[in-house]
Structures are given as structure tokens and as C-alpha cells.
Amino acid sequence: MSQAKVSDAAIAQIAGEIKFDILAGVPEGSNDLKRSQIARTFISDTITAPTKEMFTYATMASLGDDVYHEPSTEQTHIARITGKEAALFMVSGTMSNQIGLRTHLMQPPYTILCDNRAHIFKGAGFHSGAAVTPVAPKNGHHLTLDDVKNNVVYGPDVHFAPTEVIALENTLNGTIFPQDEIIAISEFAHSKGIKMHLDGARIWHVAAETGKSLKELLEPFDSVSVCFSKGLGAPIGSCLVGSKEYITRARRIRLLFGGGMRQTGILSGSVAYALTHNFPLLPRVHALSHKLEKSLEDIGVTILSPAETCMANSGTRAALPEPLFLGGSRVVLHIQTSESAVDDLISLIATIAEEKRKAGFVKPEVQVNGHQDVYVRRVAH
Ligand SMILES: Cc1ncc(COP(=O)(O)O)c(C=O)c1O
């Protein structure tokens, strides 16, 4: 049955209700303020701001629909630099890892073995019906072949769900996984028919710190998730890489997860800009982290690695002319961290250390994790 013609007044009424001007909520200069705050924010390396140059570049990308084919979302470049056959663009690292695991897992019962601090831990049961074997590394730093052998499940014993995937993370809390250990675990896994997945959200940092190519670092893995929205400073985006057959299946699962995207050109344009212009900034971030670590040691603060604790910052923040922004337990440096913010953080912690020393009952302990994360906690003595 055809509808009666809707009046222009009715359309105008609905249009008036749904229209929305977000710019009214962005006062002039507020983004400049935000950028200066980001330079002093140690909460996470996801808290960066796209630059005008990044946005200008991104708006020139192509206008296709990625479920059909978006030319600028040139995933073959990511496949090539990671040494894999194919790649698939994802909204987030969480989605990329979860689809990555789901694509490997065909028929329960199955288990995923991972570090007990790993990100993929959360969600694999929900999305894949997988049991997880979380393993605490004996050395407190990274899983070893022995850790894996002691916890992996294979063979005919029906009491335990077989390990189908070993999922590693590099960096993990900012620490670098030794490549020879990864190779040993991978050779063992493959000899038992177990797949190797890597959460390589911050693999860029490993490449920047070790000088090894992505291809070499990722060679031991069947699938890898890399993120562009963390250390590299793109606003959104991750990629899953693997064999052609694997990525074809992942593309189907991505659609089922609600991750089929449309005009992704503007996102992949930002990613391309980040890869080109922001990767070379990582050595500076690492140098700042090393400077922070060394200065804290000089202050007499105990440096421990790795550990997650809570930030000792109360009381002293007001003494700074410009505030520092600190999260619960971590201090993370990123490509837009300013050197003056690091200097202020060092004097802040020096002041806390002095105050606590005078008070005589608490000594600050700072935990510098690998190359970009610094953790601070208070311990009673
Ligand atoms: C190592 C690692 N993997 C995965 C994720 C999840 O990424 P996203 O926040 O893009 O979902 C994070 C988040 O910070 C992470 O640190």
C-alpha cells in the first residue's frame, strides 16, 4: 500500500529534531589546549591526537566501500611488510585478536595457551568458546619453551581440551620477547600441529629497539595482529595478517562480528601517514623512557621490571605550573610526549621521594617496563 505524500513541513520537523552541530561543543582553542595536555599525558600511548598533516593526507584517500573493495585500504602493503600473504583491516586490536583466534579455531573443545598477563585472555571464551590456559612466566618476564611444554595439552587424554593456539604478545607491558625463545616455542608448537598467534599491537617498538625487520620478527607466527592506534599514533585501526586462506576466512568472520567497514579510506589514509611519519619517531620515545628510568634511579627510586602497580602522585601535582596527567598505575610515553613533561615527572617523583623519606615510612618504587611503560608504586618499609 502506497503511503500518502509526506509534507515538507513534516520532513523539516524531523530534520530539525535530528540535526546536530558538534562544533558548538568545541570552543575555539580547545583542541590546541588538548594537544598541549596530550604532550603531558602519561596514561596511555593510545592518547595521541591526529595532526593536521595526518588529517589533510587522509582526506585525499579513495572513497570505496571496504566490504566490497576500498582501494586506499591497501592491505597488501601490510601483508608485504609483515611477510605474510594477506591482511585485513580491523577497527581495534581487540577485534583483530579475537577474530584472529576465532579464525584458527574450528571445532571445540580447544584451548589457547597464553601469558597470564596477555590481552587476548579477555574475550576468547566469549567469542570462541575457547578454554584458556593462562601461564605465569617462571622468569617473570616472558614465556619460555619450558613454560609452554609444562602447560600445553596434546595427545589422546580426553580429560583436557587440546591446545590449538599458542598466543604470544610482543611487546608485553613494554617488554621485548627474546626472538630465539619465540622461535623455539614456534618450532615446538608447529611440530605438534599447534598454531602460533601474536598480539603484535606494539611490534613497531620491537623493530625500532632491536633493528630487526617486521618480517623477521613475525616469521614464527601463523597469524599476527598489529595496531596503528597505539605507538604509531593513528586515530583508529589494526590489521590481522596471515595466509591467503586464513584471511579469506577471517574476512567472513569479521562480517559476522559486525566489523565489515565501509568508507575506510580516511582511516587507512591516517594509518599510511602514521607508518610513514610516526614510526621514525619511536627511537626518541625510547630514548625519553631510558632517560626517565636513569633519572629515577639517580633519585634513588627502586626500579623494578616488570610489574603493574599504582601511581604515587597525590599532593605534589599542584606544585607544577602545568599539570601532568597520570593514570592509575602506568606511566606511558608516546610520540607526542614532550621532554619538559618527562623532566617535570622526574622532579615530581624526586619531590615525592624526598617527602616520603622525610616522613620516614614509605619509599617510592618505580617500575620501568621495557621501553615505553614506566610503573610507579608506593611500598611501606
Ligand atoms: C597489547 C595490546 N593488545 C590489544 C589491545 C587492544 O587494543 P584496542 O584498544 O585497539 O582494542 C591493547 C590495548 O591497549 C594492547 O595493549
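**Exercise 1. In this predicted model, find the element that holds Asp-115, then decide whether Asp-115 is buried or exposed.**

Solution.
- Step 1: Asp-115 sits in strand E2, which runs over residues 111-115.
- Step 2: Now for the accessibility. The relative accessible area of Asp-115 is 5%, and the cut-off for buried is under 20%. Asp-115 is therefore buried.
- Step 3: Look at the side chain too. Asp-115 and Arg-117 are joined through their side chains by a polar contact of 2.8 Å.

**Exercise 2. Stay with E2 and locate Phe-121, then work out its exposure class.**

Solution.
- Step 1: Go to the loop that links E2 and helix H6 (124-128); Phe-121 is in there.
- Step 2: The relative accessibility of Phe-121 is 31%. Partly exposed covers what lies between the buried limit of 20% and the exposed limit of 50%, so Phe-121 counts as partly exposed.
- Step 3: For a bit of spatial context, pick Gln-98. Phe-121 and Gln-98 are 23 residues apart along the chain, and their C-alpha atoms are separated by 9.6 Å.

**Exercise 3. List the residues around the ligand and sort them by class.**

Solution.
- Step 1: Click through the shell and you should collect Ser-92, Gly-93, Thr-94, Asn-97, His-119, Glu-169, Asp-199, Ala-201, Arg-202 and Lys-230.
- Step 2: Sorted by class, that shell holds 5 polar, 4 charged and 1 nonpolar residues.
- Step 3: Ask which element gives the most. That's helix H5 (residues 93-104), with 3 residues.

**Exercise 4. Find the distances from oxygen atoms of the ligand to Gly-93, Thr-94 and Lys-230.**

Solution.
- Step 1: Start with the backbone. Gly-93 has a backbone N or O atom 2.8 Å from a ligand oxygen.
- Step 2: Move to the side chains. For Thr-94, a side-chain N or O atom is 2.5 Å from an oxygen atom of the ligand. Lys-230 places a polar side-chain atom 3.0 Å from a ligand oxygen.
- Step 3: Finish with the cover. On its own the ligand has 390 Å² of accessible area, and the protein covers 80% of that.

**Exercise 5. Name the members of the nonpolar surface patch that includes Val-26, and give the exposure class of Val-26.**

Solution.
- Step 1: The patch is formed by Phe-20, Ile-22, Leu-23 and Val-26, and together they have about 460 Å² of accessible area.
- Step 2: Val-26 belongs to the loop between helix H1 (8-18) and helix H2 (30-38).
- Step 3: Patch members need over 30% relative accessible area. Val-26 comes in at 35% relative accessibility, so it counts as partly exposed.

Methods. Residues numbered from 1 in each chain as written. Predicted model: local features only at pLDDT ≥ 70, side-chain atom pairs only at ≥ 80, totals over all residues. Heavy atoms only, no water. Near = heavy atom within 4 Å. Polar contact = N/O pair within 3.5 Å; in protein donor to acceptor, adjacent residues only side chain to side chain. Areas by Shrake-Rupley, 256 points an atom, 1.4 Å probe, with all protein chains shown as cover. Helix = DSSP H or I, 4+ residues; strand = E, 2+ residues; numbered from the N terminus. Nonpolar A, V, L, I, M, F, W, Y, C, P; charged D, E, K, R; others polar. Patch = residues over 30% accessible without salt bridge, like charges linked within 9 Å, V, L, I, M, F, W, Y side chains within 5 Å. Salt bridge = Lys/Arg side-chain N within 4 Å of Asp/Glu carboxyl O. Buried < 20%, exposed > 50% of the residue type's maximum accessible area, 1.4 Å probe, protein only.
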